[in-house]
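Student: I am new to this structure and would like a close look at one part of it. Could you take me through how one pair of packed helices meets, and then turn to a pocket?

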Amino acid sequence: MQIILFGAPGVGKGTQAKILSQKYNIKHISTGDILRDSVSRGTKSGIAAKEVMDRGDLVSDDLMGGLVKETLANMDYKTGFILDGFPRTIEQCKIMDSIFADLNITNPFFILLKADTEVIVNRLTQRRFCSKCEIIVNLNDIPNVNTCPNCGAVNSFIERMDDNAEVVRKRLGIYRDTTLPVIDYYQNKYKVAILNATDSVEVVTANIVKELI
Ligand code: AP5
Ligand code: MG
C-alpha cells in the first residue's frame, strides 16, 4: 500500500502517518523529519536546509528529490510506505512520477487533509515533540504540560523553530501559492480523497482507513 498524505502545515499529516504506519506496518517517510535529522547530524544537506526551514521557505527541489530517492532506494518499499510532505511543488510531482515509474507504482492512495487557518495556527503554536518517545502532542490537549502523556518523561518536550505564529503564516502562504497546485496535477491522474482534518484524531484516522479499503 502506497499512501501520499497531503495537506497544509499543521493539518495532522505526521500524527496520522505515525498511526497508519503502525496499523499497516508500512514505513513513514516524512521529508520534514528527514531534513531535521540531517540538520541534527550536521550533514551538508542539513546545513544547507536549516536556515531555509527556520524561516519557513521550501528547500530546493533538487535537494528534496535526491533525499526522497535515496530514502526509497535504502528501504524495502514493496510492503508499502506513507509519504508525508512530498511532493510540494509541480517540479517535485515530476520527480515523483519518475520515482513511481521506476518502482512500478501505478495506483497510490492520495489523501488531502483540510483545516481552516486559525485551527492550524492554534495547533502549531501549541505543538510539542517528546524528545524521549518522539510522540507529537498539543499542549491544549494534555493534562500536564510538563509530562509526556505517552512515556511519562518530565520536561522532555521540544518545540520546532518554525512553529511561531509569524513563520506558520508564511508556511501557509507558500502552501496556498506553491503546493496546492499539486492537487490539480494529481486529480487528473489518481483519485484524491479530500477529508476534514478538524475532527478528532480518531475520527480522521477512521475516515482515512475507509478510503484505503
Ligand atoms: P514538514 O515537517 O513537512 O512540516 P509541514 O508540512 O509544515 O507540516 P507539519 O509537520 O508542521 O504539520 P503536520 O501536518 O505534520 O501536523 P502534525 O501531525 O504535527 O516541513 C517542514 C519544513 O521542511 C518545510 O517548511 C520546508 O522548509 C521543509 N520541507 C519539507 N518537505 C519539503 C519538500 N517536499 N520540499 C521543500 N521543502 C520541504 O499536527 C500538528 C499539531 O496538531 C500537533 O500538535 C498535533 O498534536 C495536533 N493535531 C493533529 N491532528 C489533530 C486533530 N485531529 N485534532 C486536534 N489536534 C490535532
Ligand atoms: Mg509533520
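Tutor: What follows looks at a pair of helices first and at a pocket afterwards. Please keep in mind throughout that this is a predicted model.

Two packed helices are described by the angle between their axes and the distance between the axes. Here the pair consists of helix 4, residues 61-73, and helix 5, residues 90-103, whose axes come within 10 Å and cross at roughly 20°. Angles under 35 degrees count as roughly parallel, and helix 4 and helix 5 are therefore roughly parallel to each other. Their crossing is right-handed. On the side of helix 4, the contact is made by Asp61, Met64, Gly65, Val68, Lys69 and Leu72, while helix 5 brings Glu91, Gln92, Ile95, Ser98, Ile99 and Leu103 to meet them. By character, the residues of this contact divide into 6 nonpolar, 3 polar and 3 charged.

The pocket to turn to is the second largest, which has a volume of about 260 Å³. Its lining is made up of 15 residues, and those that lie nearest its centre are Ala8, Ala115, Thr117, Leu172 and Tyr175. Strand 4 (109-114), helix 6 (117-125) and helix 7 (165-179) are the elements that give two or more residues to this lining, and helix 7 gives the most, with 5 residues. Sorted by character, the lining of the second largest pocket holds 9 nonpolar, 2 polar and 4 charged residues.

Definitions and conventions: Residues numbered from 1 in each chain as written. Chains lettered and ligands numbered in written order. Predicted model: local features only at pLDDT ≥ 70, side-chain atom pairs only at ≥ 80, totals over all residues. Heavy atoms only, no water. 1 Å grid on protein atoms, 1.4 Å probe; cavity = no way out; pocket = protein on both sides within 12 Å on 5 of 7 lines; lining within 4 Å. Points joined across faces, edges and corners; volume = space filled by probe spheres on them. Helix = DSSP H or I, 4+ residues; strand = E, 2+ residues; numbered from the N terminus. Nonpolar A, V, L, I, M, F, W, Y, C, P; charged D, E, K, R; others polar. Axes fitted to C-alpha atoms, helices over the stretch in contact; angles between N-to-C directions. Parallel < 35°, antiparallel > 145°, perpendicular 65-115°, else oblique. Left-handed = near helix turned anticlockwise from the far one by under 90°. Contact = heavy atoms within 4.5 Å.
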